[in-house]
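Open the model in your viewer and keep the sequence panel visible. The stops below go from the whole chain to single residues.

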Amino acid sequence: MEGSKVTAGISHVGLTVAQLEESLKFFEAIGFARIGGVPSYPSHFLSDGTVMLTLWQQLDADGAAFDRRKNVGLHHLALKVPSKAALDKAHEIVSRFDGAKVEFGPQPLGEAL
């Protein structure tokens with residue numbers, strides 16, 4: 001199985017939270033430091049030196065069906081890969097995986113950091 005490995009761990013985990021500033025304080029209290037964010041889409045990006053965690057402000061308090069921009073919970077899971085080629089291969093595999101819904105392909109963090 002080693003030859004087919006295309007990931008190198010988890011790059012970051014994004015969580016949609018109801019109380020952005022309170023959530024930031026919680027993670028800072030356990031050793032995470034704020035390393036960035038996106039002011040136009042209220043968020044904080046944090047790191048403990050090993051893993052990055054992104055906290056996104058919930059926009060709609062009522063939210064019924066899960067929507068990454070409106071509901072509390074897992075926002076996304078980003079996999080760490082060793083190269084652009086491995087990233088492209090991982091995206092291809094996930095895109096073809098039965099039952100998987102890929103909302104958009106790989107993209108840089110942009111203004112985030």
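A residue is called buried under 20% relative accessible area, exposed over 50% and partly exposed in between, with a 1.4 Å probe and protein chains only. By that rule, 29% of the 113 residues of the protein are buried. The model is predicted, so to speak of a local feature requires pLDDT of at least 70 and side-chain atom pairs count only at pLDDT 80 or more, while totals for chains, interfaces and linings use all residues. Residue numbers start from 1 along each chain as its sequence is written, and side-chain values use heavy atoms, with hydrogens and water left out.

**Whole chain**

Start with a cartoon view. Helices (H or I, at least four residues) and strands (E, at least two) are DSSP runs, numbered from the N terminus. The protein has two helices and five strands, in the order β-α-β-β-β-β-α along the sequence.

Next, switch on the surface. About 7600 Å² is exposed, and carbon and sulfur atoms supply 58% of it; these areas come from the Shrake-Rupley method with a 1.4 Å probe, and for residues only the protein chains shown count as cover. A contact here means heavy atoms within 4.5 Å. Of the contacts with a separation of 6 or more, 53% are between residues 24 or more positions apart.

**Helix α1**

Select residues 20–29, which form α1; L20, S23, L24 and F27 are buried there. Looking down the axis of α1, its buried residues fall within an arc of 105°, so they line one face of the helix. The arc is taken from the directions from the helix axis to the C-beta atoms. On the face turned away from the buried side, look for the exposed residues K25 and A29.

What do the buried residues of α1 pack against? Show β1, β2 (33–36), β3 (43–47) and β4 (52–57): the buried residues of α1 pack against these strands. Just after α1, stop at G31, which has a positive phi of about 110°.

**The nonpolar cores**

A nonpolar core is a set of buried Ala, Val, Leu, Ile, Met, Phe, Trp, Tyr and Cys residues joined through side-chain atoms within 4.5 Å. Select V17, L20, L24, F27, F32, L46, L53 and L55, the eight residues of the largest such core. Two elements, α1 and β4, give two or more residues to this core. The largest share, three residues, comes from α1. Another core, of five residues, lies apart from it and includes V38, Y41, F45 and M52. In soluble globular proteins, nonpolar side chains tend to be buried together.

Now centre on L53. Not counting residues up to four places away in sequence, L53 touches V13, L15, F27, F32, H44, F45 and L46.

**Aromatic rings**

Rings of Phe, Tyr and Trp (its six-membered ring) pair if their centres lie within 6.5 Å; planes under 30 degrees apart count as stacked, over 60 as edge-to-face and the rest as tilted. The count comes to four aromatic pairs. In one of them, the ring centres of F26 and F27 are 5.0 Å apart and the planes are at 85°, so the pair is edge-to-face. F26 is partly exposed, at 49% relative accessibility, whereas F27 is buried, at 16%.

Move to F45 and W56, an edge-to-face pair with 5.4 Å centre to centre and 65° between the planes. This pair links distant parts of the chain, with F45 in strand β3 and W56 in strand β4, 11 residues apart. F45 is buried with a relative accessible area of 2%, and W56 is buried at 9%. To finish with the rings, select F26, F27 and F32, which form one aromatic cluster.

**Polar stops: Q57 and H12**

A polar contact is a pair of N or O atoms within 3.5 Å; within protein, one must be able to donate a hydrogen and the other to accept it, and residues adjacent in sequence count only if both atoms are side-chain atoms. Select Q57, in strand β4. Which backbone nitrogen does the side chain of Q57 reach? The partner is L20, at 3.2 Å. Beyond four places in sequence, Q57 touches T16, V17, A18, Q19, L20, Y41, P42 and R69.

Then go to H12 in strand β1 (residues 10–17). H12 is buried, at 8% relative accessibility, and its side chain makes a polar contact with the side chain of S11 at 3.3 Å.

**Helix α2**

End at A86, in helix α2 (residues 84–96). A86 is buried, with a relative accessible area of 12%. Leaving aside neighbours within four places in sequence, A86 is in contact with V6 and V81. Draw a distance from the C-alpha atom of A86 to that of A8: the two are 78 residues apart along the chain and separated by 9.6 Å.
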